[in-house]
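Trainee: Got a minute to go through a structure with me? I'd like to talk it over before I head back to the bench.

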Amino acid sequence: MTSSLNSGSPAPSIEALDWLRGDRLPNFKLGKIYILDFFATGCGYCRSSLTYLAQL
């Protein structure tokens with residue numbers, strides 16, 4: 001059975017192989033904002049958006 005997320009649902013744990021910046025994040029903390037960006041290096045728009053994301 002597939003579960004779905006809704007507004008207010010707890011965030012699922014993160015399973016990542018590589019992190020571009022910072023240390024591994026074992027879980028989310030309540031009240032803290034996280035930005036996850038999924039992109040493809042072959043996508044021109046994705047590459048150009050990384051500059052704006054880095055400014056955040």
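Mentor: Sure, let's start with the whole chain and then pick out some residues. This is a predicted model, where local features need pLDDT of at least 70, side-chain atom pairs count only at pLDDT 80 or more, and totals for chains, interfaces and linings use all residues. Residues are numbered from 1 along each chain as its sequence is written, and side-chain values use heavy atoms, with hydrogens and water left out.

Trainee: How many helices and strands does the protein chain have?

Mentor: There is 1 helix and there are 0 strands. Those are DSSP runs numbered from the N terminus, with helices being H or I of at least four residues and strands E of at least two.

Trainee: And what share of the residues counts as buried?

Mentor: Just 4% of the 56 residues. Buried means under 20% relative accessible area, exposed means over 50%, and partly exposed is in between (1.4 Å probe, protein chains only).

Trainee: How much area does the protein chain expose?

Mentor: About 5600 Å², with carbon and sulfur atoms supplying 56% of it. Accessible areas come from the Shrake-Rupley method with a 1.4 Å probe, and for residues only the protein chains shown count as cover.

Trainee: OK, on to the helix. Where is Arg47?

Mentor: Arg47 sits in helix α1, which spans 44-55. Arg47 counts as partly exposed because its relative accessibility is 46%.

Trainee: What is Arg47 in contact with?

Mentor: Thr41 and Gly42, leaving aside neighbours within four places in sequence. Contact means heavy atoms within 4.5 Å.

Trainee: Switching to Tyr34, which residues does Tyr34 touch?

Mentor: Not counting residues up to four places away in sequence, Tyr34 touches Leu25, Asn27, Phe28 and Lys29. Tyr34 is in the segment before α1, and at 27% relative accessibility it counts as partly exposed.

Trainee: What about Glu15, buried or exposed?

Mentor: Exposed, because its relative accessibility is 70%. Glu15 also lies in the segment before α1. From Glu15 to Pro26 is 11 residues in sequence and 8.6 Å in space, C-alpha to C-alpha.
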